[in-house]
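Me: Please take a close look at a single part of the model shown below. I should like a connected account of how that part is built, with the wider chain as background.

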Amino acid sequence: MMLKDSKFSSHLLHLSQLQTINHKTLDEYRDRLKTYEDYLWFGKPDRISAIECARRGWTCQNNDLIKCANCHAEIIAQLPSVLNIHEYTERVENIARSLVDAHHRYCVWKFMIIPESVIQLTDIYSNETINKFVKEAEEFLLQFQQIDLVGQLKTNFQIEATDFDLLSSSYLNDPRLLSAFKILVFYWKLKGSSLSCEKCCREISINRNHLILDPIASHRAWCPILKNEQWKKRIEQIETILHAKSRHKLEEIQSINDHTEQILPDIISTQNLFHELIPSKEYYRSCVQSTYVDNTPSSELEHSTNNSKSTE
Ligand SMILES: [Zn+2]
Ligand SMILES: [Zn+2]
């Protein structure tokens with residue numbers, strides 16, 4: 001038995017090979033996650049979600065059936081009705097435990113798990129991050145003739161092109177920029193002829209002439225972006241930054257206006273000074289001559305000049 005075990009274990013991936021999470025390990029994790037279709041792994045709670053299974057080495061084989069590609073162990077994960085709450089909870093706990101226990105005792109997945117950081121969403125807290133998305137959106141929109149978003153984003157995510165005016169983009173008048181931005185913000189990446197979510201690994205084949213997408217509902221049911229409506233939090237973060245930015249811009253414009261008002265009294269006082277320096281008679285004459293064709297009798301002019309002189 002021991003001999004059989006050791007012979008078997010020599011074919012297994014060893015812990016030392018997985019000590020550091022490298023690109024290959026992550027790619028393999030994503031390949032495992034891709035095998036879970038909504039209808040194959042239907043209605044599973046968070047404890048045994050597709051992500052939790054894939055993080056522990058399990059690949060989806062069929063309806064409610066997962067398998068370890070390394071040690072070939074299998075788990076059948078049929079759940080009783082949720083109405084039988086006691087039975088249901090117990091079964092979920094059993095399956096959750098077997099995600100570790102069912103692996104062969106020398107299988108690396110008995111000791112290893114893909115770190116949680118791969119499913120964590122990064123907060124958007126700076127203008128630089130938004131600018132990065134805008135730049136990526138510019139690249140993205142060049143790939144498509146037409147982009148139309150459908151679903152909840154139409155009402156839940158209001159950005160005007162003028163909000164981007166505060167950022168730097170040369171595609172401000174292209175409505176596709178906004179759509180591309182909204183797609184990228186929710187973790188969709190262009191990969192050849194398909195769009196792929198970095199987090200749930202859903203892949204959607206696309207039409208380059210006309211992309212129609214619901215950037216929220218297109219995620220798998222277990223995507224972290226859908227968990228606790230994380231996508232709404234993301235919208236709030238972006239709106240907060242854009243609104244803070246436009247407030248700052250308004251304050252800037254306000255301060256320029258204040259500056260103009262400070263200059264105005266200076267101009268007025270210079271005019272007054274100019275008035276005083278020119279002898280009034282010459283001043284009035286020059287005004288009348290420049291404004292009208294001078295057909296006023298000089299005596300009258302003298303008269304009015306004298307009058308104005310007397311009032312001064
Ligand atoms: Zn295994
Ligand atoms: Zn997703």
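Reply: A residue is called buried when its relative accessible area is under 20%, exposed when it is over 50% and partly exposed in between, for a 1.4 Å probe and protein chains only. By that criterion, 39% of the 312 residues of the protein chain are buried.

The model is predicted, so local features need pLDDT of at least 70 and side-chain atom pairs pLDDT 80 or more, while totals for chains, interfaces and linings use all residues. Residues are numbered from 1 along each chain as its sequence is written, chains are lettered from A and ligands numbered from 1 in the order written, and side-chain values use heavy atoms, without hydrogens and water.

The protein chain holds twelve helices and eight strands, these being DSSP runs (H or I, at least four residues, for helices; E, at least two, for strands) numbered from the N terminus. Of the contacts (heavy atoms within 4.5 Å) in the protein chain with a separation of 6 or more, 66% are between residues 24 or more positions apart.

The part chosen here is the sheet of E5, E6 and E7, together with the metal site that shares a residue with it. Its three strands form an open sheet in the order E5-E6-E7, with antiparallel pairing; strands pair if DSSP finds at least two bridges between them. The edges are strand E5 (188-191) and strand E7 (203-205), each of which pairs on one side only. In general, strands of a sheet pair through backbone hydrogen bonds, either parallel or antiparallel.

The first pairing to consider is that of E5 with E6, which run antiparallel and are joined by four bridges. Lys-191 has Ser-194 in E6 as its bridge partner. These two strands make a hairpin with two residues between them, and Gly-192 in the turn has a positive phi of about 60 degrees.

On the other side, three bridges connect strand E6 (residues 194-197) to E7, again in an antiparallel manner. Leu-195 is matched with Ile-204 in E7, and Ser-196 is matched with Glu-203 in E7. The hairpin of E6 and E7 has five residues between the strands, and here Cys-201 takes a positive phi near 65 degrees.

Side chains in a regular strand alternate between the two faces of the sheet. Both faces of E6 are covered: on one side Ser-194 and Ser-196 are buried, and on the other Leu-195 and Cys-197 are buried as well.

Cys-197 leads from the sheet to the metal. With a relative accessible area of 1%, Cys-197 falls under the cut-off and therefore counts as buried; Cys-200 is buried too. The SG atoms of Cys-197, Cys-200 and Cys-223 and the ND1 atom of His-219 coordinate the zinc ion (ligand 2) at 2.0 to 2.3 Å. Donors are N, O and S atoms within 2.8 Å of the metal (3.2 Å for Na, K and Ca), and sites may look incomplete because water is not among the atoms. The spacing of these donor residues in sequence is C-x2-C-x18-H-x3-C. The four donor atoms subtend angles of 100 to 120 degrees, so the arrangement is tetrahedral, a label that requires all angles among four donors to lie between 85 and 135 degrees.

A second metal site offers a counterpart. The zinc ion (ligand 1) is held by Cys-68 (SG), Cys-71 (SG), His-103 (ND1) and Cys-107 (SG) at 2.1 to 2.4 Å. Its donor residues follow the spacing C-x2-C-x31-H-x3-C. Cys-71, in the loop between strand E2 (65-68) and strand E3 (74-76), and His-103, in the loop between helix H5 (85-101) and helix H6 (127-141), are 32 residues apart, and the pair links distant parts of the chain. The site of the zinc ion (ligand 1) is likewise tetrahedral, with angles of 105 to 113 degrees among its four donor atoms. Cys-68 is buried because its relative accessibility is 0%. His-103 is buried at 2% relative accessibility, and Cys-71 is buried with a relative accessible area of 8%.

Finally, one residue from a helix may be added. Ile-235 belongs to helix H10 (residues 230-277) and is buried, its relative accessible area being 4%. Beyond its neighbours within four places in sequence, Ile-235 is in contact with Leu-153, Asn-156, Phe-157 and Phe-186. Phe-157 is 78 residues from Ile-235 along the chain, yet their C-alpha atoms are separated by 6.4 Å.

Definitions and conventions:
Four donors count as tetrahedral if all angles lie between 85 and 135 degrees; four count as square planar and six as octahedral if opposite donors are over 155 degrees apart and all others between 65 and 115; anything else is irregular.
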